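Please open the model in a viewer, with the sequence panel beside it. The tour below proceeds by selection, and each stop states what to look for.

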Amino acid sequence: MSQVLTQENIRKAAFKNKALSKDEIRRRRDEQTVEIRKNKREESLNKRRNLVEQSEPAQTVESEKLSRLERLPHLISSMISEDLQVRFDAVREVRRLLSNEHNPPIDVVIQGGAVPICVEFIKPVNVDPLNREIVEKIQLEAAWVLTNIASGTSAQTAIVMQHGAVPQFLNMLNSSNSELQEQAIWALGNIAGDCASARDHVLECGILEILIPIVNFVIENPQNYKISFLRNSVWALSNLCRGKSPSPPWSKIALIIPTLSRLINYPDDEVVGDACWAFSYLTDGANTKIQQVIDAGVVPRLVQLLNNGFSTITPALRALGNIVTGDDSQTQAVLDAGFLQYAGNLLFSHRDNTVKETCWAISNITAGTEPQVQAVINANLIPPLISILQNASDKVKKEACWAICNATSYKLERPDQIRYLVEQGCIKPLCDMLRSRDSRIIQTCLDALERILEVGETLKDQSPGLINPYALNVEEAGGMETICDLQSHNLDDIYHRSKRIIDKFFGAEDEEIDMGENFIGYEQNDMTVPQGGFNF
């Protein structure tokens, strides 16, 4: 027999605050996050491996790659030449080998011994002013090699860390050469984005104490820097905020919030987009963390960005969706910023993920207070939600289902809300969702339908035949038959819940049978049994 869920637990599975347990909330949010983060991770890795210098024909590039691979042992030995020009040419050739195609021979370069040499090159050195230019060029190429290696697998990134690259990149952040600074930020972003242990290592080495002042300076003096400098910087900051197993130390990453609050107002969509991603990671946690983000005053700007391009809509929506998983006052902060006026357009997006995320956010709003449910109704979001529940893909339908079911919470305080949902046609799609393979969805729909039917009981006196009009709607939608079938479900709670609904709203009432005056009845004493019994 499957795990038995109590009625209290099932009710908790349908709501955010007054009903959902923390474990249930986290699981729903984890499921929502997986696809977005996987896509973002792939995008980030591609973006952070430099694929420049590809103007030559593909055949020429491929032949040069083979030539460099054949010459790799010679290139590695040339990297430690006393002649700085020879050294520079060799490092640049190795960097090109790692830059000119999507599957670079990182392992071959590592096995050739390039990593410790490049780490040595990026260390700060006192050089003759006459050699400063060539030395800085070597440092840049060496940092570039390490950056591209760190954009590979976790094992490849670990090699870079094991040779002590992180402290040297942090030293490079203090360089007066902005190209070297940017390359160091790029490398540190790749390392921090690899895994939680790598991220925490970068944090422990003190990156924020150096990088945050640099970013603030660039914001105030943009004319002195290429836009790529700030783009790489905010991307690196977002990777430092990322991850949940475990989460980064809050005492450290909370220091980023004021700078991110400036960055989401910067006049560049890529900068704003990565700042929003950072906020989406920061808000994916305890209510105390959510509150710090709210206190930074960024919620109105995040809402405003819902009317911007796709690169900012997705992370801004994710951050706002996380905020409304908080307590009722935190949810209200999002509503007060005007979220619902943008939500309608988002529900009509041609992107499934946008619609899904919007439904998820609304489901947490309808799991809030009675006025918050009413705000969703007043924003005219119920009709499109019901349309989505009827017509969308399964993964989107589930989120719309949560939004509608949660809106049935206030059967006693606001039965008019449930009557409105019924008027908009919620019963048929909810009955259809009872056929879902997801047991949690079935439980949630049964819970919502039971509340709807209880409101229907109050309407009997106004209904022809004194019947429950909503019970009739459920029966006409095929719901009664489905609920009867669910009595054979292998999950005990679904069995008990469906049985209760059938018994309570669809069971035949005891009636006295009147056979008429011509009916001949027999009393027990009317019939005398012959001695020895009847002989047939």
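Helices (H or I, at least four residues) and strands (E, at least two) are DSSP runs, numbered from the N terminus. This is a predicted model, in which local features need pLDDT of at least 70, side-chain atom pairs count only at pLDDT 80 or more, and totals for chains, interfaces and linings use all residues. Residues are numbered from 1 along each chain as its sequence is written, and side-chain values use heavy atoms, with hydrogens and water left out.

**The whole chain**

Begin with the entire chain in cartoon view. The chain contains 32 helices and zero strands. Of its 536 residues, 53% are buried; buried means under 20% relative accessible area, exposed over 50%, and partly exposed in between (1.4 Å probe, protein chains only). Switch to a surface: about 24,700 Å² is exposed, and carbon and sulfur atoms supply 49% of that area. Accessible areas come from the Shrake-Rupley method with a 1.4 Å probe, and for residues only the protein chains shown count as cover. Among contacts (heavy atoms within 4.5 Å) with a separation of 6 or more, residues 24 or more positions apart account for 73%.

**The annotated repeats**

Select residues 164-192 and 297-338, which the unreviewed UniProt entry annotates as "repeat: ARM". UniProt positions are given in the numbering used here, feature names are shortened, and annotations may be inferred rather than shown by experiment. Keep residues 164-192 highlighted: this stretch is 79% helix and 0% strand, with end C-alpha atoms 14 Å apart.

**Helix 5 and its cap**

Next, select residues 84-99, which form helix 5. The expected span of a helix is 1.5 Å times one less than its number of residues. The 16 residues of helix 5 should therefore span 22 Å, and its end C-alpha atoms are indeed 22 Å apart. Its buried residues include R87, F88, E93 and R95. At the N-terminal end, display D83, which caps helix 5 through a side-chain oxygen 2.9 Å from the backbone nitrogen of Q85. This is a polar contact, that is, a pair of N or O atoms within 3.5 Å; within protein, one must be able to donate a hydrogen and the other to accept it, and residues adjacent in sequence count only if both atoms are side-chain atoms.

From L84, draw a distance to N131: the C-alpha atoms are 8.5 Å apart, although 47 residues separate the pair in sequence. N131 lies in the loop between helix 7 (114-121) and helix 8. N131 counts as partly exposed because its relative accessible area is 33%.

**S151**

Move along to S151, in the loop between helix 8 (132-150) and helix 9 (154-162). Is S151 buried or exposed? S151 is buried, because its relative accessibility is 2%. A polar atom of the S151 side chain lies 2.6 Å from the backbone oxygen of N148.

**Backbone exceptions**

Most residues other than glycine have a negative phi, and most peptide bonds are trans. Three places depart from one or other of these patterns.

- Select S245 and P246: a cis peptide bond joins them, with omega about 0°. P246 is in the loop between helix 14 (227-241) and helix 15 (250-253).
- Select N380, a residue other than glycine with a positive phi of about 60°. N380 sits in the loop between helix 24 (370-378) and helix 25 (382-391).
- Select L466, where phi is near 55°. L466 belongs to the loop between helix 29 (439-457) and helix 30 (469-476), and it counts as exposed because its relative accessible area is 56%.

**I386 and its surroundings**

Return to helix 25 and select I386. I386 is buried because its relative accessibility is 3%. Leaving aside neighbours within four places in sequence, I386 is in contact with I404, L421, Q424, G425, C426 and P429. C401 is 15 residues from I386 in sequence and 8.2 Å from it in space, C-alpha to C-alpha.

**Helix 23 and the cysteines**

Select residues 352-366, helix 23, whose end C-alpha atoms lie 21 Å apart, in agreement with the 21 Å that its 15 residues should span. In helix 23, 13 of the 15 residues are buried.

Finally, display two cysteines. C359 is buried, with 0% relative accessibility, whereas C484 is partly exposed at 32%. How many disulfides are there? With a disulfide taken as a pair of cysteine sulfur atoms within 2.5 Å, the count is zero.
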